[in-house]
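Reader: I'm new to looking at structures with a ligand inside. Can you walk me through it?

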Amino acid sequence: MTGPSARAILAGPKANERQIIVFETEGRCADFVVSLWREICKETLEARPFVNVALSGGRSPVGVYRALAKQKDLPWGKVHIFMVDERFVPHDDEDSNFGMALKALLDHVPIPAVNIHPIETKLKGPDRAAQDYEKKLSQHFNLKKGELPRFDIVMLGLGEDGHTASIFPGSPVADDAGNRVWPVFAKGHGYDRVTLTMPVINNARHIFILVLGHNKAAILRKIVDDRDRALPASHVRPTHGQLLVIADRDAAGSLAHGSYSEGQTKMGYSHG
Ligand code: 6PG
């Protein structure tokens, strides 16, 4: 069975609508994300000189990054890569998000080094790293005080506790101070971290949340069906963009409307 066309999906929902798209396997999810990247690169470069992307870490996107690594003909010279969040470990540590993105994707495509903007973890601590990253964003996007960067693509994952990026349950999701980047200090989640703030994520043109595996089924249900506002991932709501939740059948299997077939979409789930 052929899946939905990336072009149709991207053209389909009106601003601020959200869709869940379910595929049988992780591989099919990855193929679909590749086709979304193709369309977005094409459409973005018709209007602007670069495509600005923010990548998450974790295990889920590895397959997607490996699939993207095979797309040598994507306009890599015009793609700028940032990280959504980083664990405060050296980039060559096996837990580094940037290290994973290098190994799975960036080392294999003809992307200029100047287009790659990691979160620096050699600095004194996550607060210094957050300031440094804030500066990088502000220079690259030419931001004035109070302005937010507008990424073309933000790739997110979903933690089993409902976190996304490095915004964990119990952390604030709003940011009245207008920060673009937060330091995050470990409280039971392993490492100190640095993360883009929710307002930056929500300012993106296209946000993809990739949700794979049985272990994500319960939390996906809490976000989609129960609309649990205590969970940070429930606050991903593009202010003038599009959100696609891309899930495999294992992760989507417990949703109230769980009998999806390959490539079937559910439109506009909302938080009321
Ligand atoms: C990280 C992330 C994080 C991730 C989720 C899901 O540093 O871990 O960027 O937000 O996307 O924790 O991770 P998995 O895909 O490994 O389940």
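**Around the ligand**

Author: Let's start with a contact: an oxygen atom of the ligand lies 2.6 Å from an N or O atom in the side chain of Lys216. A polar contact is a pair of N or O atoms within 3.5 Å. His163 has a side-chain N or O atom 2.7 Å from a ligand oxygen, and for Gly57 a polar backbone atom is 3.2 Å from a ligand oxygen.

Author: Keep in mind that this is a predicted model, where local features need pLDDT of at least 70, side-chain atom pairs count only at pLDDT 80 or more, and totals for chains, interfaces and linings use all residues. Residues are numbered from 1 along each chain as its sequence is written, and side-chain values use heavy atoms, with hydrogens and water left out.

Reader: How much of the ligand's accessible area does the protein cover?

Author: Accessible area comes from the Shrake-Rupley method with a 1.4 Å probe. On its own the ligand has 420 Å² of it, and the protein covers 94%.

Reader: Which residues come nearest to the ligand?

Author: A residue is near if one of its heavy atoms lies within 4 Å. There are 16 residues around the ligand, and Arg59, Ser60, Arg87, Ala165 and Lys216 come nearest.

Reader: Is Arg28 buried, partly exposed or exposed?

Author: Buried means under 20% relative accessible area, exposed over 50%, and partly exposed in between (1.4 Å probe, protein chains only). Arg28 counts as partly exposed because its relative accessibility is 28%. Along the chain, Arg28 and Ala247 are 219 residues apart, yet their C-alpha atoms are separated by 9.8 Å.

Key. Polar contact = N/O pair within 3.5 Å; in protein donor to acceptor, adjacent residues only side chain to side chain.
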